[in-house]
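Hello,

Here is the structure you asked about. My notes follow it.

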Protein chains: 2
Amino acid sequence: MPGQHTLDETESQVATRLAGMDLDFEAMAVTANLFRAANAARNQMERTVLAKSNLTWTGFVVLWVAWIWESAETREIASEAGVSKATLSGVLTTLESRGLLVRKRGERDGRLVTVELTTAGKRLMKGLFPEFNKAERRVTRGLDSAQLPAIAEYLRQITQAASD
Amino acid sequence: MPGQHTLDETESQVATRLAGMDLDFEAMAVTANLFRAANAARNQMERTVLAKSNLTWTGFVVLWVAWIWESAETREIASEAGVSKATLSGVLTTLESRGLLVRKRGERDGRLVTVELTTAGKRLMKGLFPEFNKAERRVTRGLDSAQLPAIAEYLRQITQAASD
DNA sequence: TCGAGATCGTTCGGGTCCAAACTATCTCCG
DNA sequence: CGGAGATAGTTTGGACCCGAACGATCTCGA
């Protein structure tokens with residue numbers, strides 16, 4: 001759902017408006033399109049896959065991390081999901097109240113909390129993830145599939161550079 | 001600030017955990033790393049550039065769109081910024097109360113609202129954007145600069161595929 | 001052993017974020 | 001004309017989002 005300006009028009013307006021300034025326009029184009037792509041993909045997947053299960057994006061990611069790792073500590077979930085521990089705390093409360101996961105206080109270290117999916121949570125992920133993957137396939141369908149691993153690698157480099 | 005698992009460990013755990021399922025793992029790697037990269041870059045730029053001006057990410061993007069287009073209609077800002085009109089309405093109220101922009105009711109069409117930066121808003125953007133661009137350069141520093149335009153193009157394709 | 005400092009998850013306050021409902025305005029057809 | 005329907009921005013309610021402050025727990029050196 002494009003606005004009333006096309007992407008090309010926007011980028012050309014940017015170039016005109018900022019002409020003469022000492023800027024890295026190529027870096028700008030990469031980051032601008034990075035955020036546009038992530039946003040568009042997220043909105044698309046929220047609407048087509050997550051909405052029918054009444055899950056938010058973050059809720060889904062949290063469930064996904066706990067599912068993949070069988071059982072995960074909260075600080076790790078926060079890191080993987082890309083949210084602060086404060087945010088995660090609230091999201092966990094929401095998901096726990098819906099019976100999708102449980103918190104368990106660490107036995108050896110009383111400060112830690114680990115998260116485990118309930119049976120309902122596992123069933124939900126098992127049914128939902130293949131659909132989610134279809135949506136992942138859909139948003140990457142414009143790309144040459146031979147290039148996919150290289151593109152993933154470029155994105156890892158960005159994550160790396162932004163993480164210190 | 002990586003979690004306690006490295007990115008490699010995570011991807012290998014994913015592969016093990018989901019082995020045997022009929023999934024597109026390459027599409028998965030691209031989207032997963034897309035969100036990781038966007039998130040890491042956003043957090044980095046919020047902390048290093050935006051925080052000192054007490055601006056949120058969305059607030060900055062909204063100011064940026066209005067700045068680039070001199071004056072913009074709200075539905076267009078919402079589309080460019082990737083937020084709903086409901087969200088934009090609140091963000092505009094925040095920025096307006098801080099004296100960075102003004103709303104103007106459309107003269108020909110009384111339903112429309114256009115947004116213009118105040119002098120203070122323009123001054124802020126003029127000072128902030130070069131710094132923002134430095135951060136953009138920073139998060140792309142791990143990439144071969146000859147590849148930058150191609151990478152921007154890949155990301156445009158994802159946006160395209162996710163937009164209908 | 002015992003307390004200073006580190007680390008963990010939660011709480012708090014204020015700002016996004018969205019869908020749905022709402023008000024105001026415009027369009028256009030009968 | 002006049003009103004039915006389309007369109008624009010705002011409000012509402014509930015969830016996310018973060019930094020900072022907090023209480024609980026652990027560690028480790030004197």
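Chain A and chain B bury about 7,100 Å² between them in this predicted model, and carbon and sulfur atoms give 62% of that area. Buried area here is the accessible area (1.4 Å probe) that two parts lose on being put together, summed over both. On the chain A side, Arg17(A), Phe35(A) and Tyr154(A) lose the most area to chain B. Together they make up 8% of what that side buries. In contact terms (heavy atoms within 4.5 Å), 75 residues of chain A meet 75 residues of chain B.

Conventions, briefly. Residues are numbered from 1 along each chain as its sequence is written, chains are lettered from A and ligands numbered from 1 in the order in which they are written, and side-chain values use heavy atoms, with hydrogens and water left out. As this is a predicted model, local features need pLDDT of at least 70 and side-chain atom pairs count only at pLDDT 80 or more, while totals for chains, interfaces and linings use all residues.

Now the polar side of the protein interface. Six salt bridges link chain A and chain B (a side-chain nitrogen of Lys or Arg within 4 Å of a carboxyl oxygen of Asp or Glu). One pairs Arg17(B) with Glu70(A), with the closest N and O atoms 3.0 Å apart. There are also 21 residue pairs in polar contact between the chains, both residues at pLDDT 80 or more. A polar contact is a pair of N or O atoms within 3.5 Å; within protein, one must be able to donate a hydrogen and the other to accept it, and residues adjacent in sequence count only if both atoms are side-chain atoms.

On chain A, the elements giving two or more residues to this side are α1 (7-17), α2 (25-50), α3 (57-68), α4 (74-81), α6 (119-139) and α7 (148-161). Helices are DSSP runs (H or I, at least four residues), numbered from the N terminus. α2(A) gives the most, with 19 residues. By class, this side has 37 nonpolar, 20 polar and 18 charged residues. Nonpolar means Ala, Val, Leu, Ile, Met, Phe, Trp, Tyr, Cys and Pro; charged means Asp, Glu, Lys and Arg; the others, Gly among them, are polar.

Next, the DNA. Near means a heavy atom within 4 Å.

DNA strand D has 22 residues around it. Thr58(A), Ser84(A), Thr87(A), Gly110(A) and Thr74(B) come nearest. Sugar and phosphate account for 74% of the strand D atoms that come within 4 Å of the protein. A backbone N or O atom of Ser84(A) lies 2.6 Å from a phosphate oxygen of strand D. The side chain of Thr94(A) places an N or O atom 2.8 Å from a phosphate oxygen of strand D.

DNA strand C has 23 residues around it. Thr74(A), Thr58(B), Ser84(B), Thr87(B) and Gly110(B) come nearest. Here sugar and phosphate account for 76% of the atoms within 4 Å of the protein. Ser89(A) has a side-chain N or O atom 2.9 Å from a phosphate oxygen of strand C. Arg111(A) reaches a base: a polar side-chain atom lies 3.3 Å from a base oxygen of strand C. α5(B) supplies the largest share of the surface near strand C, four residues.

Last, confidence. pLDDT is the predictor's confidence in each residue, from 0 to 100. Chain A has a mean of 92, and 98% of its residues reach 70 or more. Within chain A, confidence is lowest in α1(A), at a mean of 83, and highest in α5(A), at 97.

Best wishes
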